[in-house]
Amino acid sequence: MDASKKELADSGNLKIEWAKNHMPVLEQIRKEFEAEKPLKGRRIAMALHVEAKTAVLVETLAAGGANVAITGCNPLSTQDDVAYALDCKENISCCAKYDCTNAEYYEAIDKVLDMEPDITIDDGADLIFKLHKERRDLLPKIIGGCEETTTGIHRLMAMQKEGALEMAVLAVNDAQTKFMFDNRYGTGQSAWDGIMRTTNLLVAGKTVVIGGYGWCGRGIAMRAAGLGAEVVVTEINPVRALEARMDGYRVMPMANAAAIGDIFVTTTGNCDVISTEHFLKMKSGAILANAGHFNVEIDLEGLKKMSTDIKTVRKNIKEYTINKNQTESREQNSNKSGNKHEIKINVLADGRLVNLAAGDGHPAEVMDMSFANQALSVKYIAQNKLSHGVHKVPAEIDEWVASLKLKSMSIEIDRLTDKQRCYTDDWEAGT
Ligand SMILES: NC(=O)c1ccc[n+]([C@@H]2O[C@H](COP(=O)([O-])OP(=O)(O)OC[C@H]3O[C@@H](n4cnc5c(N)ncnc54)[C@H](O)[C@@H]3O)[C@@H](O)[C@H]2O)c1
Ligand SMILES: N[C@@H](CCSC[C@H]1O[C@@H](n2cnc3c(=O)[nH]cnc32)[C@H](O)[C@@H]1O)C(=O)O
């Protein structure tokens with residue numbers, strides 16, 4: 001290994017070691033996997049964010065006896081040092097690359113599938129789509145897959161509804177010990193970490209607009225309020241809109257929020273949440289970030305078309321200049337540049353997940369639970385014959401992960417007494 005490669009591997013391994021030391025649940029699973037080898041002879045293809053916590057999951061699966069091939073699930077989230085360190089390990093190959101082109105991204109998906117996997121792990125279902133569209137010859141060999149994220153599961157449910165899903169998938173995102181912590185506290189912290197380190201600007205005193213009040217949106221809103229921002233929420237679901245209002249935030253359509261926001265964070269899983277009609281209403285200097293799905297939540301194509309200038313003003317920040325005279329003129333706009341017809345809009349990380357493309361992703365303690373669910377779900381797939389379709393993660397896995405996490409935090413809880421158990425189960429006990 002030449003000196004620069006050694007340096008790269010050392011840097012990746014240092015990051016992996018740090019993450020591992022903060023992922024006690026996964027560490028416990030790794031020890032059990034090492035002793036029992038429940039994945040002996042299994043071939044696992046993965047498309048996840050290639051960074052240190054993911055590397056700890058990959059090592060855990062390999063410790064269980066599996067051969068693992070991994071690529072990224074986002075062109076901007078791969079950390080090249082971690083990717084290289086992984087590729088150097090026994091029974092693991094990694095072909096992910098930071099800032100790859102679209103063509104390279106899908107070539108890498110094909111490359112991991114070339115291992116002819118029997119189990120897949122996706123974050124956004126790219127492997128499963130490729131298997132169903134272009135690599136159908138590999139489908140009969142697949143015994144099951146795992147899906148990490150909300151939008152991936154929505155897509156797989158849509159496939160199932162149309163009778164198009166020809167394999168079993170465990171909905172890892174829908175385990176309680178995943179979405180209640182990863183989507184809420186993980187995104188709540190890491191999205192702000194990404195935004196703050198990228199902009200080096202103050203959040204206190206600003207108006208933050210959150211698009212979508214689901215699990216991620218709740219977390220991002222909660223942390224924005226904690227940082228001193230005034231929080232505005234946009235929603236399409238009346239129940240969630242009501243919840244946001246009762247949680248203390250202002251709720252309005254994006255068409256109104258566009259004019260008052262200083263920082264916008266989308267987290268809906270949907271496309272065009274912020275689009276051309278909204279850009280025209282924004283204050284000059286507005287900051288736009290996405291923490292939801294791929295690069296579709298902010299209409300960047302539309303923004304590009306209406307811009308007279310686009311320049312990189314800081315790492316991971318592109319400033320788009322819109323001249324309102326050249327586009328359809330709408331409302332009066334107050335603007336810091338002096339030219340009231342000119343609006344400058346700053347987009348972080350090319351509209352891709354700001355916490356991963358401009359940060360290190362979720363905290364290790366949170367991914368500990370998400371990836372414990374992944375590892376145990378893979379074991380479950382290996383040991384059970386599952387029918388085609390989307391399956392829940394077994395409740396025992398969820399409870400086991402929660403119990404072990406509590407233990408790792410030295411937290412004890414009460415147990416039901418026999419009398420209490422009878423009382424809760426007995427309808428004749430009355431009120
Ligand atoms: N950045 C990360 O690390 C991270 C972590 C977990 C999930 N995600 C992704 O974030 C997205 C949201 O995940 P979630 O678990 O919060 O999902 P969720 O379903 O709980 O929440 C999404 C919310 O967005 C709302 N919504 C949909 N379209 C909208 C629109 N046009 N305008 C306003 N609101 C709209 C929905 O009504 C819903 O309340 C998904 O794409 C998921 O895959 C990202
Ligand atoms: N792959 C798509 C879909 C969203 S990724 C969202 C998922 O990333 C996962 N995630 C968040 N932070 C990390 C991390 O640091 N390492 C690995 N996965 C992460 C998290 O579990 C969440 O469900 C995209 O990049 O746009």
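## Exercises on charged pairs and crossing helices

Asp 110 is partly exposed, with a relative accessible area of 21%. Keep in mind, as you work, that this is a predicted model.

**Exercise 1.** Work out which residue pairs with Asp 110 in a salt bridge, and whether that partner is buried or exposed.

*Solution.* Start with the partner: the side chains of Asp 110 and Lys 130 form a salt bridge, at 3.2 Å from N to O. Next, place the two residues: Asp 110 sits in helix H5 (residues 102-113) and Lys 130 in helix H6 (residues 126-133), 20 residues apart. Then check the burial: Lys 130 has a relative accessible area of 10%, so Lys 130 is buried. Finally, look around the pair: Asp 110 and Lys 130 belong to a network of salt bridges with Asp 114, Glu 134 and Arg 135.

**Exercise 2.** Explain why Glu 148 has no salt bridge.

*Solution.* First find Glu 148 in the loop between strand E5 (144-147) and helix H7 (150-161). Its nearest side chain of opposite charge is Lys 178, 4.3 Å away. A salt bridge needs the atoms within 4 Å, so this pair does not count. Glu 148 is buried, and its side chain does make a polar contact with the side chain of Gln 374 (2.8 Å).

**Exercise 3.** Decide how helix H1 is oriented relative to helix H4.

*Solution.* The axes of H1 (residues 3-20) and H4 (residues 80-87) come within 7 Å and cross at roughly 95 degrees. That angle makes the two helices roughly perpendicular. Residues making the contact include Leu 8 and Ile 16 of H1 and Val 82 and Tyr 84 of H4.

Technical notes
Residues numbered from 1 in each chain as written. Chains lettered and ligands numbered in written order. Predicted model: local features only at pLDDT ≥ 70, side-chain atom pairs only at ≥ 80, totals over all residues. Heavy atoms only, no water. Helix = DSSP H or I, 4+ residues; strand = E, 2+ residues; numbered from the N terminus. Buried < 20%, exposed > 50% of the residue type's maximum accessible area, 1.4 Å probe, protein only. Lys, Arg positive; Asp, Glu negative; His and termini not counted. Polar contact = N/O pair within 3.5 Å; in protein donor to acceptor, adjacent residues only side chain to side chain. Axes fitted to C-alpha atoms, helices over the stretch in contact; angles between N-to-C directions. Parallel < 35°, antiparallel > 145°, perpendicular 65-115°, else oblique. Contact = heavy atoms within 4.5 Å.
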